[in-house]
Amino acid sequence: MEECIFCRIASGEMYAEVVYGDDRVVAFRDINPQAPVHVLVIPRKHVRSVFDLSPQDGELLSHIFQVIRKISADEGIAEKGVRVLTNVEREAGQSVFHLHFHVLGGRRMLWPPG
Ligand code: 5GP
Ligand code: ZN
């Protein structure tokens, strides 16, 4: 998966402003932030989207949400409000085909999201 930019960020081959990392997950700031806080949380292993997760990935997914909570607390947005989202395929807005959760906060979020 050498052509996958998020695999390259996860391996450290490509630079990103990493805010959290462990053996299974990496989190880094979005290069084109849509809110004062905009962090992407990814599994180190290459998965195309949430639709490619298997039942065996349940613990990984649960861990990702623990990490999202920790980052939200560290960034000071956990109490006021956080939008967590993942786009699946192009029409929904997915442009990088390595599973990532957007963690957005620091401003009022609009609904519907557009
Ligand atoms: P998607 O559109 O797939 O839901 O989200 C992909 C996100 O990755 C976008 O918000 C985009 O700004 C971000 N992104 C794309 N390339 C890079 C990169 O090289 N570094 C970082 N930090 N973010 C990136
Ligand atoms: Zn990848």
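So, Pro112: you'll find that one in the segment after strand E5, which spans 101-105. The peptide bond joining Trp111 and Pro112 is cis, with omega at about 5°. Keep in mind as we go that this is a predicted model.

While we're on the backbone, have a look at Glu89. Phi there is near 70°, so to speak on the positive side, in a residue other than glycine. Where does Glu89 sit? In the loop between strand E4, residues 82-85, and E5.

Okay, on to the ligand. Ligand 1 sits in the largest pocket. There are 17 residues around ligand 1, and the ones that come nearest are Asp30, Asn87, Gly93, Ser95 and His102.

Let's go through some polar contacts. Asp30 puts a polar side-chain atom 2.5 Å from an oxygen atom of ligand 1. His102 also uses its side chain: an N or O atom there is 2.9 Å from an oxygen atom of the ligand. With Val96 we're on the backbone instead, where an N or O atom lies 3.0 Å from a ligand oxygen. As for burial, ligand 1 on its own has 520 Å² of accessible area, and the protein covers 85% of that.

What is the shell made of, by class? Eight residues are nonpolar, seven are polar and two are charged. If you'd rather think in secondary structure, helix H1, residues 5-11, and strand E2, residues 25-29, each supply at least two shell residues. H1 gives the largest share, three residues.

Those two elements come up again when we turn to the aromatics. How many aromatic pairs does the structure hold? Two. The one I want to show you is Phe6 with Phe28: the ring centres are 5.3 Å apart and the planes sit at 75°, so this pair counts as edge-to-face. Phe6 is in helix H1 and Phe28 is in strand E2, 22 residues apart, so the pair links distant parts of the chain.

To pull that together: H1 and E2 each supply residues to the shell around ligand 1, and a Phe from each makes up the edge-to-face pair. That's my tour; shout if you want any of it back on screen.

Note on methods
Residues are numbered from 1 along each chain as its sequence is written. Chains are lettered from A and ligands numbered from 1 in the order in which they are written. This is a predicted model: local features need pLDDT of at least 70, side-chain atom pairs count only at pLDDT 80 or more; totals for chains, interfaces and linings use all residues. Side-chain values use heavy atoms; hydrogens and water are left out. A residue is near a molecule or strand if one of its heavy atoms lies within 4 Å of it. A polar contact is a pair of N or O atoms within 3.5 Å; within protein, one must be able to donate a hydrogen and the other to accept it, and residues adjacent in sequence count only if both atoms are side-chain atoms. Accessible areas come from the Shrake-Rupley method with a 1.4 Å probe; for residues, only the protein chains shown count as cover. On a 1 Å grid over the protein atoms alone, a cavity is a set of points where a 1.4 Å probe fits but cannot get out, and a pocket is an open set with protein on both sides within 12 Å along at least five of seven lines; lining residues have an atom within 4 Å of a point. A molecule sits in a cavity or pocket if more than half of its atoms lie within 2 Å of its grid points. Helices (H or I, at least four residues) and strands (E, at least two) are DSSP runs, numbered from the N terminus. Ala, Val, Leu, Ile, Met, Phe, Trp, Tyr, Cys and Pro count as nonpolar, Asp, Glu, Lys and Arg as charged, and the others, Gly among them, as polar. Rings of Phe, Tyr and Trp (its six-membered ring) pair if their centres lie within 6.5 Å; planes under 30 degrees apart count as stacked, over 60 as edge-to-face and the rest as tilted.
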